[in-house]
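Visitor: I am new to reading structures, and I keep asking how people justify the words they use. Could you walk me through this one?

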Amino acid sequence: MMKKVNYFNSTLNGEIHVPGDKSISHRAVMFGSIANGTTTVEHFLPGEDCLSTISCFEKMGVNIQRNGESVTIQGNGFEGLLEPKEILDVGNSGTTTRLILGILAGLPLHACLIGDASIAKRPMKRVTNPLREMGAKIDGREDGQFTPISIRGGSLKGLTYQSPVASAQVKSAILLAGLNGEGITTVTEPHQSRDHTERMLKAFGIDVQVEGHSVSIEGGQSLQATSVFVPGDISSAAFFLVAGAIVPNSEIVLKNVGINPSRIGIIEVLEQMGANIKVENKREENFEPFADLTISTSTLKGIEISGDVIPRLIDEIPIIALLATQAEGMTVIKDASELKVKETNRIDTVVNELSKLGAVIEATDDGMIIHGKKGTLRGAEVNSHGDHRIGMMLAIASLLSEGDMFIEDTEAIAVSYPTFFEHIEKLVK
Ligand code: S3P
């Protein structure tokens, strides 16, 4: 659906609660489904990706009741999962695909996974290869690189794995398989990726050892049900953190936003660029910290973003590119070739769509270069290409773009932020 928006010359003021964290919501349903007992989840994200996870586990016989943002899962351990009679549809969700493969790897069942057109292009050998090494039988298009993928799990041996990429999905898939592996499974990454799996496994009673960029787990442990509170998603908050910084005369308060250290690259970048951002009322539940964030209109300067920080802000790069168009000077983003294998090739989609608005931005092999303050952006016909974060970035861009913006395929936004436009309307004055 094409949506016409024109928020030019508005200001943003007020307070919002962004929806629950996507990564944590997926894991709460998955871990609740393989735990023993009743797990309750509060402030669950009812976005399409997490609903895909629920439907996959329901197809494996798990009783899951959802009432808005509250979810109750009756887990019966790994053994409680039944061989699915239907194909598991992962929709648009890479996290669902890769983590479920890790869970299924250790179970004596057959299952078949399929997703949408975007999922069919995303590389899966990064998980299917190490899971095969552990002993799972996996087949799929191009030898297990792409969906559809079928898996027959069974008895696994532990694995010591040096991952070539910093990816929480790869790390989590191998660790989840490791729970059913013989002996110890260790994953080492080149840079630390988000660590929600490690933190939540601890909350479910699992002994997880972390040393530098290595995480180890011993096979044969079982998960005990617990209660999970899901903090607000910093990746959703990021759209309003950027909007509050770049739209004149604005101040936005974002309540209960997750500030897990492996996710706060966006806060670090805003601070380095000179933004007025406050982090207050820090607290923690189930080993996940969260806080209230306040952002107001700021004078910004361009910076270089590279190295270790990249995994801490990988999902925020589309909105950081827009932020950089409003900063004085040049912003260079490097070491981010993982962007090419996200919901879209986000180097290409960001550069192409922002260029349509008059931004001065170039693609590089592993990132992009953005020349800031090159005149007022202008509304244009743009396209999310089915990528939720591109759709939201373009809607935020309309706050600074003269004239009407026509955004194709805004439905994609429901993947992670179903109430996104309601929240813009609430803040726009
Ligand atoms: C996620 C990990 C990241 C991130 C994705 C969610 C997760 O992907 O981009 O949106 O929940 O584990 P990679 O593991 O591919 O880096």
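Visitor: What makes a residue one of those that surround the ligand?

Guide: A residue counts as near a molecule if one of its heavy atoms lies within 4 Å of it. Lys22, Ser23, Arg27, Thr95, Ser167, Ala168, Gln169, Arg194, Ile314, Asp315 and Lys342 form the surroundings of the ligand. This is a predicted model, where local features need pLDDT of at least 70 and side-chain atom pairs 80 or more, while totals for chains, interfaces and linings use all residues. Residues are numbered from 1 along each chain as its sequence is written, and side-chain values use heavy atoms, leaving out hydrogens and water.

Visitor: Why is the pair between Ser23 and the ligand called a polar contact?

Guide: A polar contact is a pair of N or O atoms within 3.5 Å. A polar side-chain atom of Ser23 is 2.7 Å from a ligand oxygen, so this pair qualifies. Ser167 also has a polar side-chain atom, 2.6 Å from an oxygen of the ligand, and for a side-chain N or O atom of Asp315 the distance to a ligand oxygen is 2.7 Å.

Visitor: How do you know how much of the ligand is covered?

Guide: Accessible areas come from the Shrake-Rupley method with a 1.4 Å probe. On its own the ligand has 380 Å² of accessible area, and the protein covers 95% of that.

Visitor: What makes H1 stand out in the shell around the ligand?

Guide: Helices are DSSP runs (H or I, at least four residues), numbered from the N terminus. H1 (22–34) gives the largest share of the shell, 3 residues.

Visitor: Why is the ligand said to lie between two domains?

Guide: Domain bounds come from an automatic or database domain assignment. Domain 1 (2–20 + 231–427) and domain 2 (22–229) both contribute residues to the shell, so the ligand lies between them.

Visitor: What is special about the peptide bond from Thr147 to Pro148?

Guide: That bond is cis, with omega near -5 degrees.

Key:
A polar contact is a pair of N or O atoms within 3.5 Å; within protein, one must be able to donate a hydrogen and the other to accept it, and residues adjacent in sequence count only if both atoms are side-chain atoms. Helices (H or I, at least four residues) and strands (E, at least two) are DSSP runs, numbered from the N terminus.
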